[in-house]
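Good morning, and thank you for making time for this presentation. I should like to take the group through one structure, element by element.

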Amino acid sequence: MHEMESHFDVITRARKILELPEAATRNQIRENYHALLKKWHPDKNSATPDMAEKKSREIIHAYHTLLDYCDHYQYSFTRKEVDKYISDRERWFRQFGSDPIWA
């Protein structure tokens, strides 16, 4: 962490290094990590070995930073939070029920 850098800034920098949007799943984090590391790994990128090594280190550090954040993130299992992610079908059923007119 740089001097006076907030935790949000650290997470945001790591997210940008891994080319992630503001919201991502663990799977997306892992996929971007593997894709970028494959692209920048010094054994695969011999044209600029110093840059490839620097980028690889950045990618690895960013990945571990985000995993650490995810491991300590407190998930909410409240109805309000869970209901944000219901399927369209369940939303429809809640609104209209099993009324035969909508079947």
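Does Glu19 count as buried or exposed? The model before us is a predicted one, and in it Glu19 has a relative accessibility of 55%. The cut-off for exposed is over 50%, and Glu19 therefore counts as exposed. As to its place, Glu19 lies in the loop between H1 and H2, and it follows H1. Its backbone deserves a remark: phi of Glu19 is near 55°, a positive value in a residue that is not glycine.

Let me turn to the helix that precedes this loop. Helix H1 covers residues 7–17. Which residues of H1 are buried? They are Val10, Ile11, Thr12, Ala14 and Arg15. The buried residues of H1 pack against H3.

From the side of H3, one residue illustrates this packing. Thr65 is found in helix H3. With a relative accessible area of 14%, set against a limit of under 20% for buried, Thr65 is therefore buried. Apart from its neighbours within four places in sequence, Thr65 is in contact with Val10, Ile11 and Ala14.

In the segment before H1 we find Glu5. Its relative accessibility is 15%, so Glu5, although a charged residue, counts as buried. What does the side chain of Glu5 make a polar contact with? The partner is the side chain of Arg13, at 2.7 Å. If residues up to four places away in sequence are not counted, Glu5 touches Val10 and Arg13.

I now come to the pairing of H2 and H3. Two packed helices are described by the angle between their axes and by the distance between those axes. Helix H2 spans residues 26–40 and helix H3 spans residues 49–72; they pack at an angle of about 170°, with their axes 9 Å apart. Angles over 145 degrees count as roughly antiparallel, and H2 and H3 are therefore roughly antiparallel to each other.

Which residues meet in this pairing? H2 contributes Arg26, Ile29, Arg30, Tyr33, Leu36, Leu37 and Trp40. On the H3 side they meet a list of residues including Met51, Lys55, Ile59, Tyr63, Leu66, Cys70 and Asp71. By class, the contact of H2 with H3 comprises 13 nonpolar residues, one polar residue and four charged residues.

Two of the charged residues in this contact merit a closer look. Asp71 has its place in helix H3, and its side chain makes a polar contact with the side chain of Arg26 at 2.3 Å. Asp71 has a relative accessible area of 51%, which means that it is exposed.

Finally, the nonpolar core. The largest nonpolar core has 16 residues. Which of them touch the most other members? They are Leu18, Leu20, Ile29, Tyr33, Ile59, Tyr63 and Leu66. The elements giving two or more residues to this core are H1, H2 and H3, and the largest share, seven residues, comes from H3.

Ile59 is a suitable residue on which to finish. Leaving aside its neighbours within four places in sequence, Ile59 is in contact with Ile17, Leu18, Tyr33, Leu36, Leu37 and Trp40. Ile59 is also one of the H3 residues that meet H2, and it is among the core residues that touch the most other members. I shall be glad to take questions.

How values were computed: Residues are numbered from 1 along each chain as its sequence is written. This is a predicted model: local features need pLDDT of at least 70, side-chain atom pairs count only at pLDDT 80 or more; totals for chains, interfaces and linings use all residues. Side-chain values use heavy atoms; hydrogens and water are left out. Axes are lines fitted to C-alpha atoms, for helices over the stretch in contact, and angles run from 0 to 180 degrees between N-to-C directions. Helices (H or I, at least four residues) and strands (E, at least two) are DSSP runs, numbered from the N terminus. Angles under 35 degrees count as roughly parallel, over 145 as roughly antiparallel, 65 to 115 as roughly perpendicular and the rest as oblique. Contact means heavy atoms within 4.5 Å. Buried means under 20% relative accessible area, exposed over 50%, partly exposed in between (1.4 Å probe, protein chains only). A polar contact is a pair of N or O atoms within 3.5 Å; within protein, one must be able to donate a hydrogen and the other to accept it, and residues adjacent in sequence count only if both atoms are side-chain atoms. A nonpolar core is a set of buried Ala, Val, Leu, Ile, Met, Phe, Trp, Tyr and Cys residues joined through side-chain atoms within 4.5 Å.
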